[in-house]
Structure formats: C-alpha cells, structure tokens
Amino acid sequence: MKDYQVIVVGGGAAGMMAAGQAAQRGKRVLLLEKKERLGRKIAISGKGRCNITNEEHVSDFIRNYPGNGRFLHGILREFDNVALREFLAHYGVETKVERGGRVFPVSDDAETVVETLLAYLAERGVTILSGITVEEILVEDGRVTGVQGLGQRRFFAPAVIICTGGASYPATGSTGDGFRFARKLGHKVITPRPALVPLKTAEAWVKEVQGLSLRNVEASLWIGGKKKVAEFGEMLFTHFGVSGPIILTLSRQAGEALRKGEPVKLELNLKPALSSEQLDARIQRDFQKYSNKQFKNALDDLLPQSLIPVLIRLSGINPDGVVHQISREERKGLTALLQGLPLTITDTLSLEAAIVTAGGVDVKEINPKTMASKCVKGLYWAGEVVDVDGITGGYNLQAAFAMGFRAGRAAAGEEFSQV
Ligand SMILES: Cc1cc2nc3c(=O)[nH]c(=O)nc-3n(C[C@H](O)[C@H](O)[C@H](O)COP(=O)(O)OP(=O)(O)OC[C@H]3O[C@@H](n4cnc5c(N)ncnc54)[C@H](O)[C@@H]3O)c2cc1C
C-alpha cells in the first residue's frame, strides 16, 4: 500500500483545496470521497451557477458570518476573495460580479469550478479514491495515524484533514459524519441546526402566490413583539411559506427564536422605496385613474397579478365596490398593509433542506492559525463541519476554501503568514 503523508476526508470545496495545497507543498496526499464524483454541493450551489465568493472588501467580510466570523479573521486574510478569484483564473475559470457583489464564473456553470478543482488536484498529483466512505479516524496515544473505510479498509498517514461538510442536502454526501467523528475523538460539537433555510408560515394564502418572486422588498423580523432586523432584496413565496435570499438571511435568527419558543413574525414592505405619504399619494393617483372601476380592477399598476386577490382580501375592502366609494380610512389601511404585510412564522424547514448547517465542531478546540485540532495531534478540520456559517452571497464557499487552504498548508508543515 502506498505510504501517504496527508489524508483528506471529503472532496467538497474545503477538501479539494486542502488536498491541493498540501500536495503543492510536496506531500503525498490521498483524498477519500464518499460519492462517486467530487464536489456535488459545489455543482448545485448558486442554482447551478456557483456563487463562489463576494466582491466585498475582506475587512468587511467577517460581519457576514453570524456563526463565529471572528474565528475566520486571519484565515480569510490569508486566502481572501481576491486570492480565490486569482486562483480560479489561473486554472482557467474567469469570474464576474453581479448584484450584491456576488461573484460567479463567467461560464454561469458550477461544473466548470468542479472541473477546475479536479484539474488542479491532478496537476498536483493528489491520489483520489472516490466511492469510499470513511467510517473511523484512527488514533494512537493522542495522535492520528490514519482512517478506516467501510469493510475495514485502512489508510495510514500522520496527518488527517476532515472536510466532511455539514448535514444539509445529504444527497450531496454531507450527512453529518464529521460530527460523529468529532464526538468520538473528544471534540465538543455545537448542536447542528439549519442556518440558511426557508420559513413556514401560518398564513395559508402563501400557497395562492407560490412561485412569485419579488425583488426590492424589505422584510422585517419581529421576535417577541420587537423588531430585530430588516433585510432588503429578493424573496420568494412557496407552498409552505417564504424563501429567497433575504428570507434565508433572516432564517438563522428566526430559527433560534423559534427554538426558544418565542413568537416570530415577518412584516413585508412591498414598497420600501416610498414613504407612507408617497405611497398614499401614489394610490390616490391610481384610484383617480380607476375611479369608476371596481376595486378588484384598480390595483394592476401597483402589484403583481397573483398578489392582488390576496391583498384585496386582507384589506377588508369590498372587491366589487366602486373605487371612488373607498373611504380615506380604507385607503390608509391599504397603504399600511402594502408596507407591513404580516406573516406568522411557525417553523423552519428541516436541517436537510437548509443551504447551510450552523453548529459543528467547536471553534474553541481548533487552532485558527492552523485549523489543527486541540484534542488530537495531526488532526485538522476545515469547511462546513466547523461551527462557522455565513449569510448568502458567496460567503460559505469562500469560508470553506479559505479553511481548506489553511488546513492543507498547515498539515504540510507550513506556518501561518498572517498577523
Ligand atoms: C442548494 C445549495 C446552494 C448553495 N449555494 C451556495 C452559493 O451559491 N454560495 C456559497 O457560498 N455557498 C453556497 N452553498 C453552501 C456551500 O455550498 C457549502 O457551505 C460548501 O460547499 C461547504 O463545503 P465543504 O467542503 O465544507 O462541504 P461539502 O461541500 O458538503 O463537502 C463534503 C464532502 O465530504 C464528503 N463526505 C462526507 N462524509 C464522508 C465520509 N464519511 N467519507 C468520505 N467522504 C465524506 C461528501 O460526500 C462531500 O463531498 C449552497 C449550499 C446548498 C445546499
């Protein structure tokens, strides 16, 4: 059997980067992947287009990781968004910036990112064994010695990097195995829970507008009767509730509150660019234009078609009444509804349906300069398996790549260069 110096478990973003970096530093590296093909989560990321990172200046990056951003401080400076884009460009993937600073490959195809990483691993001479599920991490006298796969198949190396991902979208291979390894190895695991996840609502009317995507709306999150935070951007109605970028961003806090039994509400401002006076004036203009029409035919200029019957019902205004008969109070009520459409949040979708897993291996037991375990010598952690999570916009892949970069180099014996 070939003698390896570094074994990487898991061929996602973190694992592929870690393996390549260790091999680049002259180590004989083995990458073990459960699925037949590597990078399955990258392939479905960004709706198949892969939002690889964000253009934002790296000094502002940390605030976009509600889950332990500070832990990433040095790691992200060592391998930042510029470095990641240069790395990809070097291997032939040019990138472009879209709305909100989101960076995508020019190809608009996530598979080009996977193929590039595979080409990188081949160039660096990494041995890849796919279709192998690691079952156990082998340790002797507090030091890692290798790993064991299904059927007692053993592989030995003095350094092992675990990059098994979280527990979301298990069809991609990330089924939470790393959390099991961690507990067995004496690491503390912060309870895995959904971080970026759609929300269920009590209001059944969402079903009537499922599939409707709204741009430029503002969603405010209310917990225990207090407004906590608001997000501006794009959202989507589904048959069970709400989803889309701004909802996913709010979902982490919403989920935390629900788990504590606190009441959670959302208020949607469908016209956030207007003050309530401006919106009222705008509605008055529409009402003048349609003064002899029925109310149900007077909102076409203001709202998407599918939302009109819902809002008419919620407004309490007679849909068949003539517009000029609508009272001032009724009109004011409609304005308030358009700028504060209430939704009661009852639950999140499951961890399996989350874009990202919050929780994972406790960062207090990982050295942020090396990604090395403080519990077992020669063991390293990288990627979503670690208790770090970011908002949407490319932050999670950037974190996975940066942690993989550091772990791969450290496992190959290279010191941390950042202060
Ligand atoms: C639908 C969706 C869209 C997303 N879009 C974006 C986006 O556009 N931008 C962004 O920044 N983030 C996005 N994310 C999040 C991002 O993809 C992940 O955070 C990131 O890929 C995590 O990388 P990782 O290498 O840590 O883990 P993973 O990519 O999950 O890789 C873990 C690998 O380990 C393997 N593995 C697991 N257990 C074992 C074992 N026992 N033995 C061997 N191998 C094992 C798995 O098969 C898998 O290949 C998205 C996530 C989802 C689900």
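This briefing looks at one strand and one helix in the structure above. The model is predicted, so treat what follows as a description of that prediction. Strand 10 covers residues 159-162, and helix 4 covers residues 81-90.

**Strand 10 and its partners**

- Both faces of strand 10 are covered.
- On one side you will find A159 and I161, on the other V160 and I162, and all of these residues are buried.
- Strand 1 (residues 6-9) pairs with strand 10 in the parallel sense, over four bridges.
- To see this pairing, look for V8, which stands opposite I161.
- Strand 19 (residues 379-381) also pairs with strand 10 in the parallel sense, here over three bridges.
- In that pairing, V160 of strand 10 stands opposite L379.

**The two sides of helix 4**

- The buried residues of helix 4 are N81, L84, F87 and L88.
- These residues lie on the same side of helix 4 because they cover an arc of only 125 degrees around the axis.
- A general rule helps here: an α-helix has 3.6 residues a turn, so residues three or four places apart point the same way.
- The face turned away from the buried side carries the exposed residues E86 and H90.
- Among the elements that cover the buried residues of helix 4 are helix 1 (13-24), helix 5 (110-123) and helix 11 (395-411).
- Strand 3 (53-54) and strand 4 (95-97) are also part of that cover.

**The ends of helix 4**

- At the start of helix 4, a side-chain oxygen of D80 comes within 3.1 Å of the backbone nitrogen of V82.
- After helix 4 comes G92, which has a positive phi, near 100 degrees.

Notes. Residues are numbered from 1 along each chain as its sequence is written. This is a predicted model: local features need pLDDT of at least 70, side-chain atom pairs count only at pLDDT 80 or more; totals for chains, interfaces and linings use all residues. Side-chain values use heavy atoms; hydrogens and water are left out. Buried means under 20% relative accessible area, exposed over 50%, partly exposed in between (1.4 Å probe, protein chains only). Two strands pair if DSSP finds at least two bridges between them. The arc is that of the directions from the helix axis to the C-beta atoms. Contact means heavy atoms within 4.5 Å. A polar contact is a pair of N or O atoms within 3.5 Å; within protein, one must be able to donate a hydrogen and the other to accept it, and residues adjacent in sequence count only if both atoms are side-chain atoms.
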